[in-house]
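Good morning, colleagues. I should like to take you through one model this morning, chain by chain and then across the contacts. Please have the structure open as I speak.

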Amino acid sequence: MNTINDTLNIVRDPPKWRSFSKPFWDATREKKLIIQYDKEVGKYQFFPRPTSIYTGKKSNLEWHEVKGHGEVYSFTIARRARPPFQGHEPFFIAVVKLPENVNVMGNMVNCSLEQMKIGLKVKPYWAPLSNGTHLLMFEPE
Amino acid sequence: MGMQDTAIVGFAETKIVEQSDRDVWELGAEILEDLLNRTGFEKQEIDGLILSSSMTGAGNCFWSQTTADHLALEVDFCQTVDIGGCSPTGALARAAIAIDAGLCTTVLCLFADTQKAESNQRPRSFQQEWQVPQGLLGPPTSFGFISSRYDHQFGLDLRALGKLAVAQRDSAVLNDLACEKLRKPITVDDYINSRLIADPVRLLDSVMVCDGASGLLITSKKNAARKGLTKIVTPIGYGERTTYRASESMVDVTDTGHRVAGAKAFKQAGLAPKDIASIHPYDDFIIAIMLQFEMLGFCKQGEGAAFIREHEFNHLGDLPLNTGGGQISAGQCGLAGGGTNLVEAVRQLFGEGDKRQVKNTKNALVTGIGGIPYARNWNSSVVMILTPNG
């Protein structure tokens with residue numbers, strides 16, 4: 001099989017969140033992307049952390065909703081994977097740079113091998129998970 | 001600098017095997033006995049124990065204590081270093097400072113892991129929440145990202161990378177302790193044609209997880225002299241950096257902590273890259289070696305391939321590199337794998353390289369890489385420069 005798998009048929013367990021990442025997952029129920037923002041320095045961070053990576057002050061953190069449109073910073077084609085992905089290779093895993101200056105990883109759907117490249121403009125694709133939350137993936141704009 | 005007052009008086013390593021039928025503590029016992037026999041030390045003289053990380057030990061939150069117990073070592077300093085592939089070289093640095101601070105006088109640094117036979121790792125990190133749901137295989141995927149980005153910024157020269165793979169493999173053929181499965185010569189074309197794992201990372205870019213152990217015995221120079229041990233190796237420069245650029249949300253994945261760890265080690269040693277007689281860089285993936293040439297200042301960032309084309313890396317070359325085969329061609333002993341290249345450097349400086357002995361034993365440079373973070377390169381970078389006879 002030389003075509004790339006969009007991974008949408010793979011049944012994945014919803015990830016366990018932490019006390020400080022729960023707001024992120026709650027927002028995905030409505031397909032909203034929120035990321036942490038340090039109001040003192042005016043900068044964003046991803047993935048969610050227990051404190052600001054800039055100032056070390058957790059009270060500086062706010063959650064801001066962002067569009068999630070960005071461009072591919074880097075990517076790989078996974079040709080080997082563990083269950084439940086095993087047998088569904090190859091598939092894309094992309095690192096996407098958002099305009100808020102953060103990198104976010106996700107699978108890529110509706111994207112051909114020929115189309116994929118660093119710099120490709122992408123938008124969010126929300127894949128439903130069994131607990132009502134959604135997994136952030138990307139598709140070409 | 002106190003670290004320079006310490007002496008490595010012995011090294012030991014087991015055969016690296018695809019899967020060990022012997023317990024990790026039995027491998028540790030083999031290292032201990034080899035070190036006692038070679039140095040003439042009595043077990044009772046060892047009063048410090050420092051372990052590297054170990055996937056087998058990972059399930060045990062009393063790892064260093066229970067290892068001391070099994071080996072019946074009564075010690076005044078006992079710890080595990082948990083910075084992944086950096087932990088063996090990190091352990092040596094910590095042994096040196098513990099001895100210098102008077103906490104203990106003679107330390108067994110033991111790097112033992114049987115990850116293939118018995119992995120007890122249960123990561124509590126970002127992976128389960130942020131990577132596993134997207135099907136990441138782990139390090140190969142992350143090095144896929146790093147390699148793709150390197151290709152975008154500077155271009156990826158597969159023949160140059162293949163040259164490193166071939167040089168290491170040729171060395172593994174000369175190393176009786178390397179994993180037998182890997183002791184078959186390869187060509188640059190074999191490297192390029194090996195199957196893709198996580199584009200553009202290939203099979204022959206990658207380490208194979210194996211089982212095995214290695215270790216060092218460290219004491220003060222004064223104590224080594226008192227024992228009549230004239231053959232010693234001393235650390236003269238060390239740099240360590242964990243979570244490089246942690247306070248930035250976007251980083252260049254081709255820029256690593258070795259830039260700062262290397263500068264520190266070179267400054268402390270009073271040396272420059274051109275002075276290095278042999279190099280033993282941490283090799284989980286071939287491209288990591290090239291990135292380290294760039295970050296350590298052997299060449300500029302992005303010019304690693306040209307540097308590789310200009311030098312020869314086998315034991316008779318102008319810059320001998322991982323002369324035991326490195327982890328990629330000798331096998332990666334789990335999280336103890338950082339000990340393989342470290343012990344090879346010490347072996348060379350002791351002049352015990354046998355069929356693969358390098359000519360220039362003025363010094364050797366060893367590095368470590370530990371842990372793979374989210375959308376970055378790696379968590380920990382260490383650099384150590386060693387010299388024989390202080």
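I shall begin with confidence, then turn to chain B, to the domains of chain A, and finally to the contact between the chains.

What you see is a predicted model. For the complex, the predictor gives an ipTM of 0.96 and a pTM of 0.97. In chain B the average pLDDT is 97, and 99% of the residues score at least 70. As a general caution, predicted coordinates should not be read in detail where pLDDT is low.

Let us now consider chain B. This chain contains 13 helices and eleven strands. Its C-alpha atoms fill a box of roughly 55 × 45 × 45 Å along the principal axes. How does the radius of gyration of chain B bear on a compact globule? For 390 residues, such a globule would have a value near 21 Å, and the 19 Å of chain B agrees with that. Burial can be added to this picture: 58% of the 390 residues in chain B count as buried. As for contacts, if we take those in chain B with a separation of 6 or more, 78% of them join residues 24 or more positions apart.

I turn next to chain A. The domain assignment places domain 1 of chain A at 18–66 and domain 2 of chain A at 68–141. The centres of these two domains, taken over C-alpha atoms, are separated by 21 Å. Where they touch, domain 1 of chain A contributes ten residues and domain 2 of chain A contributes 13 residues. On the domain 1 side, α1 (22–28), β1 (33–38) and β2 (43–45) of chain A each supply at least two residues. By class, that side of domain 1 of chain A comprises six nonpolar, two polar and two charged residues.

Finally, the contact between the chains. It takes 27 residues from chain B and 36 residues from chain A. On the chain B side, at least two residues come from each of α4 (127–130), α5 (139–154) and β5 (196–198). Which element of chain B gives the most to this side? It is α5(B), with six residues. The chain B side divides into 14 nonpolar, ten polar and three charged residues. I would add, in general terms, that the size of an interface is often given as the accessible area lost when the parts come together.

That concludes my presentation, and I welcome your questions.

Methods: Residues are numbered from 1 along each chain as its sequence is written. Chains are lettered from A and ligands numbered from 1 in the order in which they are written. This is a predicted model: local features need pLDDT of at least 70, side-chain atom pairs count only at pLDDT 80 or more; totals for chains, interfaces and linings use all residues. Helices (H or I, at least four residues) and strands (E, at least two) are DSSP runs, numbered from the N terminus. The radius of gyration is taken over C-alpha atoms; the globule rule is 2.2 Å times the number of residues to the power 0.38. A residue is buried if 20 or more other C-beta atoms lie within 10 Å of its own, exposed if 12 or fewer, and partly exposed in between; C-beta atoms are placed from the backbone. Two residues are in contact if their C-beta atoms, placed from the backbone, lie within 7 Å. Domain bounds come from an automatic or database domain assignment. Ala, Val, Leu, Ile, Met, Phe, Trp, Tyr, Cys and Pro count as nonpolar, Asp, Glu, Lys and Arg as charged, and the others, Gly among them, as polar. pLDDT is the predictor's confidence in each residue, from 0 to 100.
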